[in-house]
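Please look at the sequence and the fold together before reading on. The paragraphs below are meant to be followed with the model open beside them.

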Amino acid sequence: MWAILKIDNKNLSLLKNDFTKKLGNDVKFYIPRLQLKKFLKKKVCVKEVSLLGDYLLCFHKDFSKKSVLTSLKYCKGLKYFLTDFLNSQKEIQKFINKCKENENERGFIKSTFFEYKKNCNYEFISGPFTN
């Protein structure tokens, strides 16, 4: 059963350790990441960014039990569980499969993940190129 967690990125390793201590080694974490390349002062800077921001996907078979969720509620690094993840299991699995299909060999999401349509008009919503 997949759960969506809002996390504190500074304490991610503590959160993973707490979950493996309480749930065992059969817990899985998935954080889809992007690799952004920018040109700054004639140099290429590479930055790794999480696609979901401060959210994390976590799998364990016992997440359907309310007692398990209450025992994990106060782990360091966890802000909260997103509610109603039990009803969205098909959509979560579909999203994870799409991410895994569009990963490169290093585990970063490729540009094929984003479905661009050719010969369509796109518009900037904010920034210096608005409208």
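What follows goes from the sheet to the helices, then to the hairpin, the salt bridges and a loop.

This is a predicted model, in which local features need pLDDT of at least 70 and side-chain atom pairs count only at pLDDT 80 or more, while totals for chains, interfaces and linings use all residues. Residues are numbered from 1 along each chain as its sequence is written, and side-chain values use heavy atoms, with hydrogens and water left out.

A good place to begin is the open sheet, in which four strands are arranged in the order 2-5-1-6 with antiparallel pairing. Helices (H or I, at least four residues) and strands (E, at least two) are taken as DSSP runs numbered from the N terminus, and two strands pair if DSSP finds at least two bridges between them. Strand 2 (28-30) and strand 6 (78-81) occupy the edges, and because each has a single partner strand, one side of each is left without a neighbour in the sheet. Averaged over the sheet and with direction ignored, neighbouring strands are turned by 35° against each other; here axes are lines fitted to C-alpha atoms, for helices over the stretch in contact, and angles run from 0 to 180 degrees between N-to-C directions.

At one of these edges, three bridges join strand 2 to strand 5 (residues 55-59) in the antiparallel sense, and within strand 5 the residue opposite Lys28 is Phe59. Helix 1 (residues 12-23) packs on the sheet and touches strand 1 (2-7), strand 2, strand 5 and strand 6, with a direction about 140° from that of strand 1, where contact means heavy atoms within 4.5 Å. Helix 3 (residues 89-101), by comparison, lies across strand 1, strand 2 and strand 5 and runs at about 75° to strand 1.

Another antiparallel pair is formed by strand 3 (residues 33-40) and strand 4, which are joined by eight bridges, with Leu34 having Val49 in strand 4 as its bridge partner. These two strands form a hairpin with two residues between them, and Lys41 in the turn has a positive phi of about 55°.

The structure holds three salt bridges, each defined by a side-chain nitrogen of Lys or Arg within 4 Å of a carboxyl oxygen of Asp or Glu. One of them joins the side chains of Asp54 and Lys6 at 3.3 Å, N to O; since Asp54 lies in the loop between strand 4 (43-50) and strand 5 and Lys6 in strand 1, the pair ties together parts that are 48 residues apart in sequence. Asp54 is partly exposed at a relative accessible area of 22%, whereas Lys6 is buried at 16%, given that buried means under 20% relative accessible area, exposed over 50% and partly exposed in between (1.4 Å probe, protein chains only).

Lys61 and Asp26 form a salt bridge in which the closest N and O atoms are 3.9 Å apart. This pair links distant parts of the chain, with Lys61 in the loop between strand 5 and helix 2 (66-72) and Asp26 in the loop between helix 1 and strand 2, 35 residues apart. Lys61 counts as exposed at 57% relative accessibility, and Asp26 is partly exposed at 38%. Asp62 and Lys65 form a salt bridge with closest N and O atoms 3.6 Å apart, and Lys65 is partly exposed at 44%.

Finally, Lys10 lies in the loop between strand 1 and helix 1 and counts as exposed at 76% relative accessibility. Its C-alpha atom is separated by 7.4 Å from that of Gly77, although Lys10 and Gly77 are 67 residues apart along the chain.
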